[in-house]
Amino acid sequence: MHESVKSVIFYGVFAIIILMYALIYGTHYAGYSDVSGQFIKFILSSAPYVSRDLSLAGELTPPILAGVMSATIPQRSSATRTLISFVLALLCYGMYLHLSVFLTSPQAVAILQSVNQDPRESVSVLSAFSGGVRTFSAIIAASVIGLRINKAAEG
Amino acid sequence: MGLLAAFLAGFVLLFPVLADASERSVRFVFMDKTDYPNVRIEYHDGPLVEPITLTKEQDGRWSHTVELASASWAVSPSFVIHFDREQGTDWPIDFKPFSIGLPLHITKVVDDELVIPVYLFTKISNDEMERLERLKRRDQVFERRMLSEQIAKHYISVFSSHTDSISRRAIANWFDSALSLTKYTDNLFTISHEAGDASLQAYEGDASTRAHYQRHVEDAASLFWSDVQQLNSLIDSGLCDEARSLVKYVRLRHLESPESYLYRLSGQDPDAVLAERERRVSAGC
């Protein structure tokens with residue numbers, strides 16, 4: 001695969017992950033909890049199986065996606081690019097760790113109630129989704145380091 | 001329950017009659033029969049704060065009647081309902097403790113007993129918010145007024161913000177419901193300071209919306225000046241004591257808030273207006 005295509009896929013996926021975090025938490029933080037609620041509702045309605053807690057699809061999807069994504073990590077020979085990829089993966093991990101904590105807060109419950117979602121059921125699905133993104137980010141971070149070490153070992 | 005609520009609301013709203021001041025009272029009737037032990041009502045009249053003990057009626061509803069203090073012309077008490085939910089209490093919704101306030105402006109020409117139906121929120125959702133926003137009829141104003149304030153207070157408390165989009169929508173609903181109740185009861189119920197402040201905070205930075213709310217808040221604060229319009233009918237009815245009390249009351253309130261006339265008298269000198277009314281009472285009585 002051409003390097004530029006890999007970059008587009010790699011950074012594009014992380015951009016989507018960060019955008020999703022911004023739409024869920026960032027909009028609430030900015031005072032637009034109704035937007036946050038509508039996006040959460042969209043996630044809950046569009047990905048009930050992929051993100052369901054303890055389902056086979058829910059457990060396997062993140063590592064499979066991460067495995068595919070590992071092949072698109074760009075510019076493995078560049079230390080700067082490797083560092084950027086690693087920081088990006090860690091950043092996403094941290095964001096979704098924070099999102100998991102936020103989902104247990106009264107604010108998240110109020111947002112879910114405002115869009116007619118059962119808080120208990122919805123928090124479970126969203127937590128699984130958030131956990132999936134964390135698993136995905138962790139595997140990518142590990143892959144970036146691993147590939148770099150291998151490169152160094154080869155060098 | 002809807003029929004009873006309509007009857008009670010109609011009783012309050014449609015039949016204001018002349019009555020002796022000493023017989024005036026306010027009766028609260030909880031529309032929900034459920035026993036919510038962490039709801040308290042207080043009667044506030046100036047510095048006086050009196051806790052109210054609810055009693056269970058034969059039909060299972062909780063109620064209480066407050067005898068209003070005898071006043072010269074008008075009393076402006078406030079009823080505060082506290083929601084003091086504690087951990088482990090059986091309530092359909094999780095919420096932090098809050099209070100709602102129901103300020104009144106009761107003159108001598110108001111019914112001898114006001115019946116106020118009390119509604120307690122049991123659900124919070126977009127559907128519930130939309131339902132309340134649609135309650136526009138005269139017999140629905142109490143339900144909308146009570147529940148919309150409770151939901152607004154809940155969101156303000158949870159989000160710690162008046163400007164969050166969800167809080168803002170709930171506050172707008174609260175203020176509109178307070179305005180409707182004021183309109184339908186001919187100013188018997190007034191817009192609370194809290195509703196005014198919350199609305200102004202919610203629309204910080206939106207000058208035109210703030211101006212809309214500000215106008216109604218000022219209107220509510222200068223409400224006592226509108227009582228003056230009743231003077232002629234009192235004199236014509238031979239209610240001279242009431243007429244004298246009215247002028248005295250307005251003069252007293254004018255001293256308390258000397259700028260309120262600006263929103264009601266459209267450029268007239270307030271002292272001249274009061275002096276003219278006093279002359280009219282002297283001539284007519």
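Is Glu278(B) buried, partly exposed or exposed? In this predicted model, Glu278(B) is partly exposed, because its relative accessible area is 32%, between the limits of 20% and 50%. The legends below begin with this residue and its partner.

**View 1. A salt bridge joins Glu278(B) and Arg251(B).** The closest N and O atoms of the two residues are 3.0 Å apart. The pair links distant parts of the chain, with Glu278(B) in helix 9 (residues 270-284) of chain B and Arg251(B) in helix 8 (residues 240-256) of chain B. The two positions are 27 residues apart. Arg251(B) has a relative accessibility of 26% and therefore counts as partly exposed.

**View 2. Within helix 9 of chain B, Glu276(B) and Arg280(B) lie about one turn of the helix apart.** Their side chains meet in a salt bridge, with an N to O distance of 3.1 Å. The separation along the sequence is 4 residues. An α-helix has 3.6 residues a turn, so residues three or four places apart point the same way. Glu276(B) counts as partly exposed because its relative accessibility is 28%. Arg280(B), at 28% relative accessibility, is likewise partly exposed.

**View 3. Glu42(B) forms a salt bridge with Arg40(B).** The closest N and O atoms of this pair are 3.2 Å apart. Glu42(B) has a relative accessible area of 14% and is therefore buried, the limit for that class being under 20%. Arg40(B), by contrast, is partly exposed, with a relative accessible area of 37%.

**View 4. Four residues of chain B are linked in a network of salt bridges.** The members of the network are Arg145(B), Glu149(B), Lys153(B) and Glu194(B). Side chains of opposite charge can pair when their charged atoms come close. Over all chains, the structure holds 17 salt bridges.

**View 5. Chain B and chain A meet at an interface without salt bridges under the rule applied, which finds 0 across it.** The contact involves 12 residues of chain B and 13 residues of chain A. The size of an interface is often given as the accessible area lost when the parts come together. Here the area buried between the two chains is about 970 Å², of which carbon and sulfur atoms give 55%. Across the interface, 8 residue pairs are in polar contact, both residues of each being at pLDDT 80 or more. Helix 2 (126-134), helix 3 (141-159) and helix 4 (165-184) of chain B each supply at least two residues of the side of chain B that touches chain A. Helix 3 of chain B gives the largest share of that side, 4 residues. By kind, the residues of that side divide into 5 nonpolar, 5 polar and 2 charged.

**View 6. Chain A contains 6 helices and 0 strands.** Read along the sequence, chain A follows the pattern α-α-α-α-α-α. Of its 155 residues, 45% are buried. Among the contacts in chain A with a separation of 6 or more, 77% are between residues 24 or more positions apart.

**View 7. An open sheet of 4 strands lies in chain B, in the order 4-5-1-10.** The pairing is mixed. Strand 4 (55-56) and strand 10 (113-118) of chain B are the edge strands, each pairing on one side only. Strand 1 (residues 25-30) and strand 5 (residues 62-67) of chain B pair in the antiparallel sense over 5 bridges. Val29(B) stands opposite Ser63(B), which belongs to strand 5 of chain B.

**View 8. Ser160(B) and Asp186(B) have positive phi values, near 50° for Ser160(B) and near 55° for Asp186(B).** Most residues other than glycine have a negative phi. Ser160(B) is placed in the loop between helix 3 and helix 4 of chain B. Asp186(B) is found in the loop between helix 4 and helix 5 (193-202) of chain B. Ser160(B) counts as exposed because its relative accessibility is 63%. Asp186(B) is also exposed, with a relative accessible area of 66%.

**View 9. The buried residues of helix 5 of chain B pack against helix 4 and helix 6 (207-221) of chain B.** These buried residues are Ala195(B), Gly196(B), Ala198(B), Ser199(B), Leu200(B) and Ala202(B).

Conventions. Residues numbered from 1 in each chain as written. Chains lettered and ligands numbered in written order. Predicted model: local features only at pLDDT ≥ 70, side-chain atom pairs only at ≥ 80, totals over all residues. Heavy atoms only, no water. Contact = heavy atoms within 4.5 Å. Buried area = accessible area lost by both parts, 1.4 Å probe. Polar contact = N/O pair within 3.5 Å; in protein donor to acceptor, adjacent residues only side chain to side chain. Nonpolar A, V, L, I, M, F, W, Y, C, P; charged D, E, K, R; others polar. Buried < 20%, exposed > 50% of the residue type's maximum accessible area, 1.4 Å probe, protein only. Pairing = 2+ DSSP bridges.
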